[in-house]
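Subject: Structure handover and findings

Dear colleague,

Please find below the sequence and structure for your review. My notes on what was found follow directly after them.

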Amino acid sequence: VLVAEKLGEAGLTLLKEFANVDCSYSLSPEELCTKISLCDALIVRSGTKVSREVFESAGGRLKVVGRAGVGIDNVDLAAATEHGCLVVNAPTANTVAAAEHGIALLAAMARNVAQADASMKAGKWQRNKYVGVSLVGKTLAVLGFGKVGSEVARRAKGLGMHVIAHDPYASADRARAIGVELVNFEEAISTADFISLHMPLTAATNKMLNDETFAKMKKGVRIVNVARGGVIDEEALVRALDAGIVAQAALDVFTEEPPKQDSKLVQHERVTVTPHLGASTIEAQEGVAIEIAEAVVGALKGELAATAVNAPMVPAEVLTELKPYVELAEKLGRLAVQLVAGVSGVKNVKVSYASCRAPDDLDTRLLRAMITKGLIEPISSVYVNLVNADYTAKQRGLRITEERIVIDGSSECPLESIQVQIANVESKFAGAISESGEIKVEGQVKDGIPHLTKVGSFEVDVSLEGSIILCRQVDQPGLIGKVGSILGQENVNVSFMSVGRIAPRKQAVMAIGVDDQPSKGSLQRIGEVPAIEEFVFLKL
């Protein structure tokens, strides 16, 4: 086992009981590639890039890469999977340390601790300048109610704060048990005196706090970020601070780390900063070391690791046959979760597979894993695959039931259709609600391409490539032309268009496949077409 960055002694002891351990720190990329061919496992923190070249240099010997921490953006996951190498991380050991640092920054910001300290060390005594604000009775919005977010909420309640939270997957029961009210994003940011960020950095959360969201906040709001730097548009935050919308900010993470020395944000008088210290306690470092050592040893013994973040190699013949259905399954999950509105969260999902094959001849584990991936990944930093899908769903209170419907026909094709239903949720698009009250989407593979064939009770036929606009309207002549013209003026290419209707001139749903994302303005203009009753844009 090659340990390429400093690891706590307790973790090294565990590793040494099982394997020969080589601790070689500060290796250059070339040195790492030279050493790796002699190793069965590699353990890194965030400072070592485990690139495709590393996996190619391993010559097939490297079985597992352990990341001592949560984020794995320094490991080439695709290359790891291609080379049959498992990647594991240590997601739980840092939880309390990160939560405590969030509370430390919250209190330090409210009472100007860092600024007053710097002032005294400069020989000044400025009691009037550094009058702070109290925490008791104030509203704290926790954005991201996972492990760290819920621990911050627990501690803030102890400080006498009123805590609200926003998280699409948070359990209402767990929130209630802590005494936290789950609200939607708009309510969270507009009513909070303090905002604490605990969401992962994904396409959906990138620059989530921007000029538009700052404008909706209560004047004088105070913001803490111990999550990921990219969730805040840093230039927009400087503007909000200068405009007085944001009174203060306390940041442990930055878009670029370390930030530039002349960073306006870092130098701003009303910003408290620390150099990514969220996980930096003696106890957390030891906990991470033990957690990653146990995961790596388990993987080397051939056990399935619950903290695996990539899939093992799937037999080529199975993958070839299921490949288009795997893609269909993930995209149906992505579509379904984007149709969910409200704060109750996704808890009950039913998947129906229509097939001519006997149930024993159809292994749906990979398909279920991909539906789970589609449901969870758009709003989470977790990488879902065959190894960790069921575990990840269970962790989030997501119950997936499967139904196999045997139909007549040729068993040459493994599946006729896949249907995904989400129960007990509100929808952003009422047309997606079936007669029995669930969000329902259904798809088929046609000529090797995944297609959306049903939305709610409406039959459609649109290729699941690019992105999709769904419109519910009164069926009437000229509507397709109007919507097409609006998109054409924006130079947005339409790849497919399909209309499903109950009867002529009655309710209909139009599904439009687009290659590019339309602007907010053009989407607004589509919504203003008189016959269109509702619409939604869905990213694939």
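In these notes, helices (H or I, at least four residues) and strands (E, at least two) are DSSP runs, numbered from the N terminus. Please bear in mind throughout that this is a predicted model.

Overall architecture

On that definition, the protein has 18 helices and 24 strands. Its C-alpha atoms fill a box of roughly 80 × 60 × 45 Å along the principal axes. The radius of gyration is 26 Å, which agrees with the value near 24 Å that a compact globule of 540 residues would have. Of the 540 residues, 51% are buried. Among contacts with a separation of 6 or more, 67% are between residues 24 or more positions apart.

Two helix pairs

The first pair to be described is helix 1 (residues 9-16) with helix 13 (residues 282-300), whose axes come within 7 Å and cross at roughly 20°. Angles under 35 degrees count as roughly parallel, so helix 1 is roughly parallel to helix 13. The crossing of these two helices is right-handed. On the side of helix 1, the contact is made by Glu9, Ala10, Gly11, Leu14 and Leu15. Helix 13 contributes Glu286, Ala289, Ile290, Ala293, Glu294, Val296 and Val297. By class, the contact of helix 1 with helix 13 comprises eight nonpolar residues, one polar residue and three charged residues.

The other pair is helix 17 (residues 479-489) with helix 18 (residues 520-527). Their axes come within 10 Å and cross at roughly 165°. Because angles over 145 degrees count as roughly antiparallel, helix 17 is roughly antiparallel to helix 18. The crossing of helix 17 and helix 18 is right-handed. Val483, Ile486, Leu487 and Gln489 of helix 17 meet Ser522, Arg525 and Ile526 of helix 18 in this contact. The residues of the contact of helix 17 with helix 18 divide into four nonpolar, two polar and one charged.

Two buried strand residues

Ala141 is found in strand 6 (residues 139-143). With a relative accessibility of 0%, Ala141 counts as buried. Leaving out residues up to four places away in sequence, Ala141 touches Ile164, Ala188, Ala192, Phe194, Ile195 and Ser196. Ala141 and Ile189 lie 48 residues apart in sequence, and their C-alpha atoms are 7.0 Å apart in space.

His166 belongs to strand 7 (residues 162-166). Its relative accessible area is 18%, and the cut-off for a buried residue is under 20%, so His166 is buried. With residues up to four places away in sequence again left out, His166 touches Val142, Leu143, Gly144, Phe145, Val183, Asn184, Phe185 and Ala188. Ala188 is thus among the residues listed for Ala141 and among those listed for His166.

Residues in loops

Several further entries concern loop positions.

Gly244 sits in the loop between helix 11 (234-243) and strand 11 (246-251). The residue is partly exposed, with a relative accessible area of 24%. Beyond its neighbours within four places in sequence, Gly244 is in contact with Lys219 and Gly220. The C-alpha atoms of Gly244 and Val87 are separated by 45 Å, and the two residues are 157 residues apart along the chain.

Glu257 and Pro258 are joined by a cis peptide bond, with omega about -5°. Pro258 lies in the loop between strand 11 and helix 12 (264-267).

Ser26 has a positive phi of about 55° although it is not a glycine. This serine is placed in the loop between strand 2 (22-23) and helix 2 (29-35). Ser26 counts as exposed, at 73% relative accessibility.

His276 likewise is not a glycine and has a positive phi, of about 50°. The loop that holds His276 runs between strand 12 (271-273) and helix 13. His276 is partly exposed, with a relative accessible area of 37%. Helix 13, which bounds this loop, is the partner of helix 1 in the roughly parallel pair described above.

Yours sincerely

Terms used. Residues are numbered from 1 along each chain as its sequence is written. This is a predicted model: local features need pLDDT of at least 70, side-chain atom pairs count only at pLDDT 80 or more; totals for chains, interfaces and linings use all residues. Side-chain values use heavy atoms; hydrogens and water are left out. Axes are lines fitted to C-alpha atoms, for helices over the stretch in contact, and angles run from 0 to 180 degrees between N-to-C directions. Angles under 35 degrees count as roughly parallel, over 145 as roughly antiparallel, 65 to 115 as roughly perpendicular and the rest as oblique. A crossing is left-handed if the near helix is turned anticlockwise from the far one by less than a right angle, and right-handed if clockwise. Contact means heavy atoms within 4.5 Å. Ala, Val, Leu, Ile, Met, Phe, Trp, Tyr, Cys and Pro count as nonpolar, Asp, Glu, Lys and Arg as charged, and the others, Gly among them, as polar. The radius of gyration is taken over C-alpha atoms; the globule rule is 2.2 Å times the number of residues to the power 0.38. Buried means under 20% relative accessible area, exposed over 50%, partly exposed in between (1.4 Å probe, protein chains only).
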